[in-house]
Amino acid sequence: MVNDIIYEMIALTKKKLESLNIILSLKPRQKEAIQQENMEDMESILVNIQSQIGKIDEIDSLYKLKFNELKAIIDVETISQLDSMKYPNAKILIDRLNEIKSVLASLKSLDDENNIIMNEKFEETKERLKNLRQGQKMAKGYFSDYNGTMFIDERN
């Protein structure tokens, strides 16, 4: 029974890893879309990423149920406490979890890079808007309509 649970947990981690790798493959495209300020591509990429995150959330919920089931049967608090001699698939599960951690670290690194680029683009946009507002104020001052009389004081 324990081996069956471990096997199911391995299958869940495989699915999670697949979704994480899809997200990982989307990150360079996201970076490019940010740099080019291509909002349509950004939206499409974010929808795809969010879809994968939804799948991962479901997988994590199932994994947690299986892990709680495992903890109820044998006395372990973490996967690393599983005896790989008694449960040979435990090593596969541990390796898969380490692989997930590695992909998550890569994703964090790429997200950090993308966030820096997005913040730079945001600051550039703020500066352009500020300059645009200043230009509008100047234009408004030069091209305002005077409905009343205008006095010009000329002294010679």
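## Exercises on a three-helix model

On the surface, Glu 32, Glu 40, Asp 41 and Glu 43 come together in a patch of negative charge. The model is a predicted one, in which local features need pLDDT of at least 70 and side-chain atom pairs count only at pLDDT 80 or more, while totals for chains, interfaces and linings use all residues. Residues are numbered from 1 along each chain as its sequence is written, and side-chain values use heavy atoms, with hydrogens and water left out.

**Exercise 1. Describe the secondary structure and the burial of the protein.**

Solution. Begin with the elements: there are 3 helices and 0 strands, where helices (H or I, at least four residues) and strands (E, at least two) are DSSP runs numbered from the N terminus. Along the sequence this gives the pattern α-α-α. Then turn to burial: of the 156 residues, 26% count as buried, a word that stands for under 20% relative accessible area, with exposed over 50% and partly exposed in between (1.4 Å probe, protein chains only).

**Exercise 2. Place the negative patch on the helices, and find out whether Glu 32 is buried, partly exposed or exposed.**

Solution. Helix α2 (residues 39-73) supplies the largest share of the patch, 3 residues, whereas Glu 32 is found in helix α1 (residues 2-35). With 43% relative accessibility, Glu 32 counts as partly exposed. Patches are made of residues with over 30% relative accessible area and no salt bridge, like charges being joined within 9 Å and nonpolar side chains (Val, Leu, Ile, Met, Phe, Trp, Tyr) within 5 Å; Lys and Arg count as positive and Asp and Glu as negative, while His and the chain ends are not counted. The place of a charge is taken as NZ of Lys, CZ of Arg, CG of Asp or CD of Glu.

**Exercise 3. Which residues are in contact with Ile 79, leaving aside its neighbours within four places in sequence?**

Solution. First locate Ile 79, which lies in the loop between α2 and α3 (89-142) and is buried, its relative accessible area being 9%. Contact means heavy atoms within 4.5 Å, and with those sequence neighbours left aside, Ile 79 is in contact with Met 9, Tyr 63, Phe 67, Leu 70, Leu 93, Ile 94 and Leu 97.

**Exercise 4. Work out where Lys 27 sits and what surrounds it.**

Solution. Lys 27 is found in helix α1, and at 5% relative accessibility Lys 27 counts as buried. Apart from its neighbours within four places in sequence, Lys 27 is in contact with Ile 49, Leu 107, Leu 110, Asp 111 and Asn 114.

**Exercise 5. Follow the salt bridges from single pairs to a network.**

Solution. The structure holds 11 salt bridges, each being a side-chain nitrogen of Lys or Arg within 4 Å of a carboxyl oxygen of Asp or Glu. One of them joins Glu 113 to Lys 31, with the closest N and O atoms 3.2 Å apart. Because Glu 113 lies in helix α3 and Lys 31 in helix α1, this pair ties together parts that are 82 residues apart in sequence. Another joins Arg 128 to Glu 37, where the closest N and O atoms are 3.6 Å apart; Arg 128 is in helix α3 and Glu 37 in the loop between α1 and α2, so that distant parts of the chain, 91 residues apart, are linked. The side chains of Lys 121 and Glu 124 also meet in a salt bridge (3.9 Å, N to O), and, being 3 residues apart in helix α3, these two are separated by about one helical turn. Finally, Glu 37, Lys 121, Glu 124 and Arg 128 are linked in a network of salt bridges.

Methods
Areas by Shrake-Rupley, 256 points an atom, 1.4 Å probe, with all protein chains shown as cover.
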